[in-house]
Structure formats: structure tokens, C-alpha cells
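Student: I would like to learn how to read the features of a protein model one at a time. Could we go through one together?

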Amino acid sequence: MGLLLEDSCLADTALLLLTTIYLLYWYGTCTFDYWKKRGVPEIKKKVPFLGSTADAVLFKKQMNLCILDAYRELEGHRFGGLYAMRTPALIVRDPELIKHIMVKDFSSFTDNSMHISEKNDPMFAFNIFAMKGDKWKYARSKLAPAFTTGKIRNTFPLILEVCNDLKSHFSSKIESKDNDFEAHELAKNFTTDVVGSCAFGIKCNSLSEPDNQFRKMGKEIMSPSTLWRQIEIALIFFLPKIAELLRVKFIAKYIEEFFQDLILKAFAYREEHPEFKRNDFINLLMQLKKLGEVEMDEIDRKNQTNDISLTASDRGKIEFSDVVLTAQAVGFFLDGFETSSMALAFALHELAMNPRIQENLRDELRKSFDPTDGCINYDNIRGCAYLDNILHETLRIYTPVGALARECTKRYTIPDSDVQIDIGDIINIPIYGLHQDPKYFPNPEVFNPDRFTEEAKKTRPAFTYLPFGEGPRQCIGFRFAQAQVKAAIATIVLNFLLEPSEKTEHPVVFDERNFFPHAKNGLHLKISPL
Ligand code: HEM
């Protein structure tokens with residue numbers, strides 16, 4: 001009798017276990033026929049729960065390389081399906097179709113696929129990258145005048161101050177015969193100081209004191225130090241509904257408070273001292289707070305770009321409260337910090353690996369800058385075509401944002417097909433795949449800035465080179481990013497010789513544990529006097 005009871009208990013447990021396994025398996029795979037049902041070709045790899053992104057989620061491959069695999073597998077197709085974990089996404093390969101999605105038919109794809117709660121995580125939710133629909137349009141139209149050529153020109157002297165610190169930093173290293181440096185760490189310290197000065201109005205000296213509080217807080221946002229924070233951030237990106245339910249925040253409370261405090265103190269000081277003038281982002285945020293808009297000068301008006309003229313209705317009107325304003329300054333970390341640091345670090349790496357390119361750049365810089373006043377200024381740096389090409393080629397090979405995920409906001413039929421895209425469907429723009437396609441960039445692994453001469457650009461289709469995205473949602477900070485990265489490169493190349501060190505690894509091996517393309521073993525270089 002006892003044995004019989006035990007047997008039936010075991011059978012019940014086994015049945016329960018099998019049912020649970022079956023249900024879990026069903027849940028982990030039930031979306032995997034989405035593209036097949038629509039007659040869309042798709043990526044073969046579909047791991048339960050992890051979909052086509054299993055290699056990235058399991059840290060087997062860096063995200064950009066996963067994007068490249070998917071892009072290559074769909075060779076010969078204009079578009080195809082993949083599964084970002086369980087979520088179906090349509091990867092679009094055809095540049096003409098990409099143009100439709102990003103520009104011509106933008107009204108069907110106005111949002112990035114990101115769901116962040118304003119209540120729970122305001123500093124991330126009010127970053128315009130995460131904002132949606134009319135609210136995004138309103139915020140973007142109000143913030144765009146803060147990023148014009150004229151505004152960057154005004155801010156440029158602050159960037160140059162940090163460049164001078166960079167020069168002194170290297171000079172004292174050379175003096176003390178410590179010629180080796182890790183380019184990514186250096187670039188992060190440089191970018192932190194630029195963000196501190198230009199966006200928060202403070203001097204943080206991360207180049208000489210890399211352990212300062214501002215640097216530490218910036219680090220916490222983008223590279224959380226504890227495993228628990230890493231899990232929380234993975235939840236926000238991969239399981240946003242659960243993250244919201246658990247009230248997980250991307251910007252942790254203590255970080256939020258730190259930056260909020262800095263901004264409020266800066267506002268208070270400037271209100272008490274109206275004679276204090278500084279051409280930084282705080283100044284522009286204060287205009288937004290007081291006047292409801294950022295003032296535009298004659299040059300801004302003359303060069304009015306698409307994004308400034310974006311007409312926003314009052315339907316999306318938001319109040320530029322202290323939290324919303326702080327979120328814009330924190331955006332320099334969220335959107336601009338990793339991206340710009342990577343661009344600078346990899347550019348230095350390639351210049352060290354390519355002495356002829358470095359020498360040509362030095363020639364161009366020497367001709368462009370007047371050595372008597374020793375001054376780099378915004379206009380002559382913008383006029384350096386070769387420097388521009390070097391930055392573009394760096395962003396092609398080491399694309400910081402390897403793919404974009406847009407959400408369909410209005411039902412759409414793909415031109416020249418009968419495939420319907422429904423509201424909520426995700427569109428993936430495989431930027432890194434395009435940048436590595438030999439059809440557009442022959443010998444894609446070779447660093448060759450001449451791909452970006454005016455003549456060379458004419459030989460390939462538009463929408464095949466997209467490091468800053470395109471259309472109304474294009475990177476709002478692209479001019480600022482280029483200004484700071486170019487100023488740092490020019491400062492270094494004009495004053496020092498860059499060379500590989502004994503520890504340099506080339507080609508770079510990407511760290512599979514990092515969402516962004518980081519060098520697994522660092523970017524070790526050597527600096528010497530000229
Ligand atoms: C090399 C550096 C940078 C790269 C490669 C980069 C790249 C990008 C890309 C690919 C996008 C998405 C564009 C799209 O959806 O079409 C983007 C958006 C954005 N970027 Fe950047 N970025 C850089 C630096 C910066 C900087 C310095 C800022 C300063 C605040 C910034 C602020 C933003 C913002 C706010 C958005 C969202 C725009 C919107 O959705 O309306 N970025 N960036």
C-alpha cells in the first residue's frame with residue numbers, strides 16, 4: 001500500500017515536471033513562427049527564450065558581431081526576421097528600404113523600441129532617446145537649438161581647456177618616462193571632463209584624478225560595478241515589463257540624486273550671480289526653464305536644420321521641470337559618453353597602427369592651425385577633411401551603436417512587397433552589417449580613411465553608412481561628439497607621436513561580455529615627443 005502511494009506520488013511529480021517543462025518550452029518558443037507565417041525569410045538560429053540573440057545574451061559573441069552574422073545570413077534578401085530573445089524583429093538590409101523607414105515613411109516608425117516608466121525611472125524616461133510620439137517631438141524641437149553649429153562653436157573653448165589638460169597629462173607622463181597608456185581609459189577620462197565642463201559646468205580633472213566622484217558616478221551609469229546592477233540593467237532591456245513591475249531603474253536613486261544636486265546648485269549659483277557667464281549646456285537649460293526655449297542667434301536661424309524646424313504640437317507638451325532638465329544633462333553620459341570615448345580610443349589605436357596616415361594627418365593639422373597662436377578653433381577643425389575622414393572610418397570599423405531598433409507606430413506595408421508591419425513590430429537597422437558589407441566598403445577590415453573622400457562617397461548608395469543614425473531621430477549630439485573627438489585627436493597628433501606598445505593587440509578582439517564594442521584586452525599604446 002505504502003509503495004503504491006509512493007509510486008503515484010512520483011508519477012504525479014513527474015507529470016507536473018513534464019507539464020512545467022512543456023509549458024516553459026512552449027512559452028520560450030511560441031513566438032518563433034511569427035515571420036514564417038508572414039512569408040518572411042528568417043535567421044535559422046532560434047534558441048528557446050534566447051531567440052536569435054542567444055550568442056549575445058550568453059556572452060559568447062559581442063553584439064555587433066551577432067548583428068553582422070544575422071546581416072550576412074540574410075544575404076540576397078531585402079529584409080528578414082530574427083528573434084531578439086522572444087520578440088520578433090524585422091532586420092532590414094536594403095538601403096532604399098532603410099531610407100523609407102528612417103526618413104520618407106518616418107511617421108510609421110517614430111519611436112525607438114524602449115519602454116521606460118516616467119514615474120519609476122524619470123531620468124532615463126526623459127532622455128529623448130527613450131521618449132515617444134508627440135512628447136518626443138516636442139522635447140526634440142525644444143532641445144535641438146542647443147546642439148547647433150553656433151552653440152558648439154560657443155562651447156568649443158571649454159573643450160579646448162580639457163585638451164590642454166590632456167596635453168599636460170601626456171607631457172608629464174613623458175617627463176616621468178611613463179610612455180605607455182591604455183587609450184580607452186584615457187578617452188573615458190577625457191570625455192568625463194568634457195561632459196563635466198560642458199554639460200554640468202564643473203571641472204573634474206579626471207585625467208589627473210581618475211577616482212574623483214563625478215567620474216565614479218559616470219562609471220556607475222554606464223558600467224555598473226555590481227552583478228546585481230548588471231542583472232537589473234539586463235532586465236530593463238530584455239524584460240522591460242518585469243523590470244517595471246519590480247520598479248527597477250536604469251539610473252539608480254543615488255546617481256539620480258547626485259546629478260540632480262549638481263544641476264540645482266549650478267542653477268542656484270547662476271541665479272544669484274547673474275554676472276556669471278559661461279557658454280555651456282547649463283546656460284541653455286536655464287534658458288529653457290525661464291523662457292520655454294533655447295535662444296537662437298542669426299547663424300542658428302540661417303543654418304536651420306530639419307530638426308530645428310520640426311513642428312511640434314502642444315499635444316506633446318511637457319514641462320521642463322528640474323528632473324526633466326537634469327535628464328538632458330545626464331543624457332551626455334547616457335548617449336554621448338561611451339560612444340564618444342570609443343570613437344576617440346579606436347581612432348588613436350588606428351593612428352598608432354598606421355604611421356603613414358598619422359603623418360598625413362599631422363601635415364594637414366599643421367597647415368590648418370596657425371602655430372604662432374597655437375590655437376585650434378572650431379572652424380579650422382571642421383575644415384580638416386582628412387581628420388573628418390579618419391573619424392568616419394573609425395566609426396565605420398568600430399561602430400559604437402551597431403544596430404537601431406525602431407518600433408512601428410502606424411500600420412505599414414513594405415514597398416514592393418505584400419508584407420505588413422503591424423503597430424508594435426520592431427524594425428532592426430543593422431548599421432554594423434552595412435558598414436562591414438564588401439559591396440559598399442571593399443576589404444571592410446582595412447582602415448582606409450580615403451573611403452570618405454567626396455568622390456568615394458558618391459560611389460556607394462546612401463543609407464549604407466549610419467554611425468549617427470538618420471532622419472528626424474538622428475543623433476542630436478553628433479556635432480558635439482565630432483567636435484570633442486576631433487579636438488582631442490588634433491591635440492595629441494600635433495604634439496606627440498603615437499605608436500603601438502609591446503602590449504598592443506591588432507586586430508582588436510572584441511569583449512564578448514560588453515554590449516558595446518570594447519577591446520577585450522584594452523587598447524595599449526605608447527606616446528613619445530615629436
Ligand atoms: C561618436 C559619438 C556618438 C555616436 C556614434 C552616436 C550615435 C547615435 C545613434 C546611432 C543614435 C540613434 C539615431 C537614430 O535613431 O537614428 C543616437 C541618438 C542620440 N544621441 Fe548620439 N551618438 C554619439 C554621441 C552623442 C553625444 C555626445 C550626445 C550628447 C548629448 C548624444 C545624444 C544623443 C541623443 C539625445 C539621441 C536620441 C535622439 C532622438 O531620439 O531624438 N549622442 N546617437
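**Pockets, ligand and cavities**

Tutor: Let us begin with an open pocket, keeping in mind that this is a predicted model. The lining of the second largest pocket divides into nine nonpolar, five polar and three charged residues.

Student: How many residues line the second largest pocket, and which lie nearest its centre?

Tutor: The lining of this pocket holds 17 residues, and those nearest the centre are His392, Lys457, Tyr465, Pro467 and Glu470. The space in the second largest pocket comes to about 400 Å³.

Student: Turning to the ligand, how many residues surround it, and which are the closest?

Tutor: A useful habit is to take the whole shell before the single contacts. The ligand is surrounded by 26 residues, with Trp136, Arg140, Arg406, Arg473 and Cys475 the closest. Sorted by class, this shell has 14 nonpolar, seven polar and five charged residues, and at least two residues of the shell are supplied by each of helix H7 (133-143), helix H18 (337-353), strand E5 (404-407) and helix H24 (478-495).

Student: What distances separate oxygen atoms of the ligand from N or O atoms in the side chains of Trp136, Arg140 and Arg406?

Tutor: For Trp136, a side-chain N or O atom is 2.8 Å from a ligand oxygen. The value for the side chain of Arg140 is also 2.8 Å, again from an N or O atom to an oxygen of the ligand, while for Arg406 such a pair is 2.6 Å apart.

Student: Which protein atom is the donor to the iron atom of the ligand?

Tutor: Metal sites are often read against ideal geometry: angles of 109.5 degrees are ideal for four tetrahedral donors, and 90 or 180 degrees for six octahedral ones. Here the iron atom has a single donor from the protein, the SG atom of Cys475, at 2.3 Å. Cys475 sits in the loop between helix H23 (454-458) and H24.

Student: Let us go on to closed spaces. How many cavities of 30 Å³ or more are there, and what is the volume of the largest?

Tutor: There are three cavities of 30 Å³ or more, and the largest has a volume of about 90 Å³. Its lining includes Phe147, Lys151, Cys198, Asp280 and Phe480, and by class it has eight nonpolar, one polar and two charged residues. Helix H8 (149-175) and helix H14 (281-291) each supply at least two lining residues, and the largest share, three residues, comes from H8.

Student: What lines the second largest cavity?

Tutor: Among the residues lining the second largest cavity are His115, Asp121, Ile236, Pro240 and Phe250. The volume of this cavity is about 80 Å³, and helix H12 (residues 240-245) gives the most to the lining, with three residues. By class, that lining has six nonpolar, three polar and three charged residues.

Student: How should I read the backbone angles?

Tutor: The general expectation is that most residues other than glycine have a negative phi and that most peptide bonds are trans. Phe59 has a positive phi, near 55°, and is placed in the loop between helix H3 (54-57) and helix H4 (63-73). The peptide bond joining His506 and Pro507 is cis, with omega about 0°, and Pro507 lies in the loop between strand E9 (496-500) and strand E10 (524-529).

Student: Where does UniProt place the "transmembrane region"?

Tutor: The unreviewed UniProt entry gives that feature at residues 14-35. In the model, residues 14-35 are 82% helix and 0% strand, with the end C-alpha atoms 35 Å apart.

Technical notes: Residues are numbered from 1 along each chain as its sequence is written. This is a predicted model: local features need pLDDT of at least 70, side-chain atom pairs count only at pLDDT 80 or more; totals for chains, interfaces and linings use all residues. Side-chain values use heavy atoms; hydrogens and water are left out. On a 1 Å grid over the protein atoms alone, a cavity is a set of points where a 1.4 Å probe fits but cannot get out, and a pocket is an open set with protein on both sides within 12 Å along at least five of seven lines; lining residues have an atom within 4 Å of a point. Grid points are joined across faces, edges and corners, and a volume is the space filled by probe spheres set on the points. Helices (H or I, at least four residues) and strands (E, at least two) are DSSP runs, numbered from the N terminus. Ala, Val, Leu, Ile, Met, Phe, Trp, Tyr, Cys and Pro count as nonpolar, Asp, Glu, Lys and Arg as charged, and the others, Gly among them, as polar. A residue is near a molecule or strand if one of its heavy atoms lies within 4 Å of it. A polar contact is a pair of N or O atoms within 3.5 Å; within protein, one must be able to donate a hydrogen and the other to accept it, and residues adjacent in sequence count only if both atoms are side-chain atoms. Donors are N, O and S atoms within 2.8 Å of the metal (3.2 Å for Na, K and Ca); water is not among the atoms, so sites may look incomplete. UniProt positions are given in the numbering used here, feature names are shortened, and annotations may be inferred rather than shown by experiment.
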